[in-house]
Amino acid sequence: MKMNKKGIMLACLLLGTCTMAQAQQTEETKTVAIIIGNDGDMQRQQVVETEAAAVRRKLGLNEQETFVLRNAAGQQVDYQISYDGMLLFEASVQPHRKAIFRAEKGVPRAAKTWVHGAQYKIRKDDMAWENDRSAYRMYGPALQQTGERSFGIDVWTKRTPELVLDERYQTDYRGNVVEDSLRRSGNKDAARDVDLETSFHLDHGYGMDAYGVGPTLGCGAPALLDGERLILPWCYESYRILDNGPLRFTAELTYQPVSISHASPAGQTTSVVTEHRLLSLDKGSNFNRMTVWYDGLKSPLALAAGVVLHGGKPLLAKDHVLYADPTEAPDRHNSQVFVATLFHNGVDQTRVLKSDERVSHAIGIVDNYDGHPYTYYFGAAWSLYDVRSIEEWQLRATQFMQALEQPLSITLQ
C-alpha cells in the first residue's frame with residue numbers, strides 16, 4: 001500500500017527513526033522502470049542490455065554514483081556495466097508478456113560471478129574463458145614458440161555452473177610436476193595414478209578437455225579461404241580483456257601477421273594480413289559472439305568459419321553448421337561434444353571442406369570478402385551436462401537464431 005506524506009511522517013514519528021526531511025526524501029525517491037517486452041512465442045531468459053548512461057540520466061546520477069536494480073518482487077538483481085557502457089542484467093520474460101525492473105539510487109550488493117577468463121601462463125599462454133555451461137580456449141605465443149601447431153578454438157566441457165578453469169589449470173599443473181618427478185625416479189605406477197587424479201583431460205566430476213583441435217578450426221574459429229585452402233593464423237600475438245564478469249566476458253585478440261600469395265584482378269598478389277577477433281560470452285548461453293576483421297588484405301578472398309570433423313556427418317543449413325563430435329577418445333569418454341557455428345548475418349554457402357586426407361571441416365563461406373568486420377556465433381554443449389542429443393542441440397541453435405531475429409524490446413520510463 002502506498003503511503004502519502006502524512007502517513008510516512010506518522011510512521012517515522014511512531015518508530016522514532018526519521019525526520020521530516022528524510023520522510024520527504026523517502027517519498028520522492030527516483031526510480032526508473034526498465035520494461036523488457038517479449039513479442040515472440042518462446043519463453044526467453046537471457047542477458048539483456050541497455051545504455052547505462054540513459055538510466056543514470058533518468059535517475060539524475062553522475063558516472064560515479066551507483067544504483068540498485070530490482071525485479072518485480074523487489075529483490076536485488078545483479079548487473080554489470082560493460083566496457084562499452086551497456087547495463088547488462090539477466091531477464092526472464094514469458095511469451096507475449098513484459099517483465100519490469102526498477103532502478104534506484106543506492107549501493108548494489110556484491111554480485112556472484114558467472115563468467116570469467118584469463119591468460120594462463122602456466123599452460124603456455126592459453127587464453128581461456130568460461131560461463132556456467134562451457135569453457136573455451138585459444139592458444140598463445142608461448143605455445144607457438146614450442147612449434148606445436150594448434151590454431152583453432154578448443155572446448156572444455158563442464159557439468160557444473162560454477163567457475164572451474166582456475167582449479168583445473170592449477171590441479172593439472174601441480175599434478176604434472178609430481179608426475180614428472182615420479183617418472184624420473186622410475187615410479188611409473190604412482191605417476192600414472194597422479195595423472196588419473198589430476199589431468200584436465202579426464203572428468204573429475206565437473207568436466208574435462210576431451211575435444212581435439214590441433215592445426216584445424218576447432219570449434220568456430222575463422223580463417224581466410226583461398227580456393228580450397230584454409231589460411232590459418234598460428235597463435236594470438238596480443239590480447240585485451242575488456243569485460244570479465246559477472247555476466248559477460250569480452251576479449252579482443254590480435255594474431256600473428258600472415259603473408260598470403262593469392263590471385264587478384266591485377267594478377268598474383270601478396271598480402272600481409274593481420275587477423276583481429278572480438279569475442280564475448282554471456283551467462284546462460286551456449287554461444288559466443290565473434291566479430292572478425294583483417295588488416296592488410298589487398299584483394300578479396302573468401303572468409304570461412306566452422307568446425308573440424310572427426311568422423312560422422314554434420315548438419316548443414318543455409319545459416320548454420322552443427323556437429324556431434326565423438327571426443328578425441330570415444331571408447332574412453334563415451335559421450336559427445338556438440339559444437340556449432342551460426343551465421344546470423346548470412347553466408348553464401350555451407351559445405352564440407354576436405355583439406356587433406358586427414359582433416360575435414362564443416363564451414364560457412366562468405367565470398368568476395370574484403371576484410372571488413374563480420375559477426376557470427378559459435379558454441380558448444382556436452383551430452384553429460386546440458387544437451388543430451390543432436391536433436392536437442394539443433395533445437396537450441398534454432399531457438400537462439402530465432403531470438404536474434406526477434407530481439408526483446410527494452411523501454412525506459
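**Pockets, rings and a buried alanine**

Reader: How do the residues lining the second largest pocket divide by class?

Author: That lining divides into seven nonpolar, three polar and four charged residues, where Ala, Val, Leu, Ile, Met, Phe, Trp, Tyr, Cys and Pro count as nonpolar, Asp, Glu, Lys and Arg as charged, and the others, Gly among them, as polar. Please bear in mind that this is a predicted model, in which local features need pLDDT of at least 70, side-chain atom pairs count only at pLDDT 80 or more, and totals for chains, interfaces and linings use all residues. Residues are numbered from 1 along each chain as its sequence is written, and side-chain values use heavy atoms, with hydrogens and water left out.

Reader: OK, what volume does that pocket have, and which residues are closest to its centre?

Author: The second largest pocket has a volume of about 270 Å³, and of its 14 lining residues the closest to the centre are R149, F151, P215, L230 and L232. A pocket here is an open set of points on a 1 Å grid over the protein atoms alone, with protein on both sides within 12 Å along at least five of seven lines, while a cavity is a set where a 1.4 Å probe fits but cannot get out, and lining residues have an atom within 4 Å of a point. The largest share of this lining, three residues, comes from strand β12, residues 229-231.

Reader: R149 caught my eye; which ring does R149 lie over?

Author: R149 lies over the face of W234, at 4.9 Å from the ring centre, and K112 likewise lies over the face of W114, at 4.8 Å. The rule asks for NZ of Lys or CZ of Arg within 6 Å of the ring centre and within 35 degrees of the ring normal.

Reader: And the largest pocket, how much space lies in that one?

Author: About 1300 Å³ of space lies in the largest pocket, and among its 40 lining residues Q46, V47, D282, S285 and F400 are the closest to the centre. Helix α8, residues 390-405, gives the most to this lining, with seven residues. By class, the lining comprises 17 nonpolar, 10 polar and 13 charged residues.

Reader: Does F400 turn up elsewhere, I mean, which ring cluster is F400 in?

Author: F400 belongs to a cluster in which ring pairs link F287, F338, Y377, W393 and F400. Rings of Phe, Tyr and Trp (its six-membered ring) pair if their centres lie within 6.5 Å, and planes under 30 degrees apart count as stacked, over 60 as edge-to-face and the rest as tilted. The count comes to 18 aromatic pairs by this rule.

Reader: Why is the pair of W129 and F249 stacked?

Author: The ring centres of W129 and F249 are 6.1 Å apart and the planes lie at 10°, so the pair is stacked. This pair links distant parts of the chain, with W129 in strand β8 (residues 126-130) and F249 in strand β14, 120 residues apart. Both W129 and F249 are buried, a word that stands for under 20% relative accessible area, against over 50% for exposed and partly exposed in between, with a 1.4 Å probe and protein chains only.

Reader: Changing topic, is A381 buried or exposed?

Author: A381 counts as buried, at 1% relative accessibility, and its place is in strand β24, residues 374-382. Leaving aside neighbours within four places in sequence, A381 is in contact (heavy atoms within 4.5 Å) with residues including S134, N286, F338 and W393.

Definitions and conventions
Points joined across faces, edges and corners; volume = space filled by probe spheres on them. Helix = DSSP H or I, 4+ residues; strand = E, 2+ residues; numbered from the N terminus.
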